[in-house]
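Dear colleague,

I am passing on the structure we spoke of, and I would be glad if you could read the notes below beside it.

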Amino acid sequence: MPVKTKGNPKLSVITVVYNMVDDIDGTMDSVLGQTYPNIEYVIIDGASKDGTKERIETRGNQIDLFISEPDKGLYDAMNKGLSLATGDYVWFMNCGDRIFEKDTVEKMFSNSDDADILYGNVMMVNEERQHLGLREELTPHTLPRDLNWKSLNRGMVVSHQAFIPKKSIATKYRLDNLAADIAWVIDCLKASQKTVHTNQILGEFLLGGVSRSRHKQSLKGRYKILGEYYGAVPNFFNHVVITLRAVKHRFLD
């Protein structure tokens, strides 16, 4: 078990990457440049062939744990990171995404260092790293002031890049569903006794990713998962609301 220093919990930041040599430096810099003193950095590379592996290796002993080997996809790699992490808390900051400011982690734990889950908002950015706006401003999802597992019955209201659970309540990701992240968040929230809104922008969310490029498959996966947690009939009507909300957001807002 990891040793917890009073008032100074250990945070394991996990970065999963595959063939993203142009983005990896920015992500690493945002983690390694934090003012908070008790961070373990874990990087899982899926045997990149574009120079990503070599770029990571230039950081030498700044990275606590690094493996580069073939995997079975994003969630398999994230499970590897979870299994290696030794911190009190885990935070997935995958390649392309970044921790928002140098003192973000320090300020985050000053809010509460005994929460089961810490969460906040994200700034969405494009490939030029331009700030496009907060996720709740650019999508139909409003971040709840009191987040719990029932909050996700109409979709992913909290960004994965701004959700930090204790490792002790973090389950493994499903490998058979592109929307496995929402199941993971729900499971963590169901196990949480104290979930704290940090009232901070915690990360930068780079637009794109697996779920967007395979959008239809991701939506089917989400429908299946939400049906499991909230029931078939409520899930059907919730998705009617989701659809109407998305149409309103796209054409009327």
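The notes that follow take up the internal space, one glutamate, the cysteines and one helix.

Please keep in mind throughout that this is a predicted model.

The search for enclosed space covered the whole structure and found 1 cavity of 30 Å³ or more, and the space in the largest cavity comes to about 50 Å³. Its lining is made up of G120, N121, V122, R135, E136, H141, L143, V157, V158 and S159, which divide into 4 nonpolar, 4 polar and 2 charged residues. Strand 6, running over 117–125, and helix 5, running over 135–138, each contribute at least two residues to that lining, and strand 6 gives the largest share, with 3 residues.

The glutamate I would ask you to look at is E204, which sits in strand 9, residues 195–206. Is E204 buried or exposed? With a relative accessible area of 10%, E204 falls under the 20% cut-off and therefore counts as buried. Its side chain has polar partners there: one polar contact, of 2.7 Å, joins the side chain of E204 to that of R129, and another, of 3.1 Å, runs from the side chain of E204 to the side chain of H131. When residues up to four places away in sequence are left aside, E204 touches D97, R98, F100, M123, V125, R129 and H131, so that the two polar partners appear in this list beside residues such as F100, M123 and V125.

As to the cysteines, the count of disulfides in the model is 0. C95 is buried because its relative accessibility of 9% lies under 20%, and C188, at 0% relative accessibility, is counted as buried for the same reason.

Last, there is helix 3, which spans residues 74–84 and is mostly covered, since 8 of its 11 residues are buried. Which residues of helix 3 are the buried ones? They are Y75, D76, A77, M78, N79, K80, G81 and L82. These buried residues pack against strand 1 (11–17), strand 2 (39–45), strand 3 (65–68) and strand 4 (89–92), and also against helix 6 (180–191).

If you go through the model in the order used here, the lining of the cavity, the surroundings of E204 and the packing of helix 3 can each be checked in turn.

With kind regards

Methods. Residues are numbered from 1 along each chain as its sequence is written. This is a predicted model: local features need pLDDT of at least 70, side-chain atom pairs count only at pLDDT 80 or more; totals for chains, interfaces and linings use all residues. Side-chain values use heavy atoms; hydrogens and water are left out. On a 1 Å grid over the protein atoms alone, a cavity is a set of points where a 1.4 Å probe fits but cannot get out, and a pocket is an open set with protein on both sides within 12 Å along at least five of seven lines; lining residues have an atom within 4 Å of a point. Grid points are joined across faces, edges and corners, and a volume is the space filled by probe spheres set on the points. Helices (H or I, at least four residues) and strands (E, at least two) are DSSP runs, numbered from the N terminus. Ala, Val, Leu, Ile, Met, Phe, Trp, Tyr, Cys and Pro count as nonpolar, Asp, Glu, Lys and Arg as charged, and the others, Gly among them, as polar. Buried means under 20% relative accessible area, exposed over 50%, partly exposed in between (1.4 Å probe, protein chains only). A polar contact is a pair of N or O atoms within 3.5 Å; within protein, one must be able to donate a hydrogen and the other to accept it, and residues adjacent in sequence count only if both atoms are side-chain atoms. Contact means heavy atoms within 4.5 Å. A disulfide is a pair of cysteine sulfur atoms within 2.5 Å.
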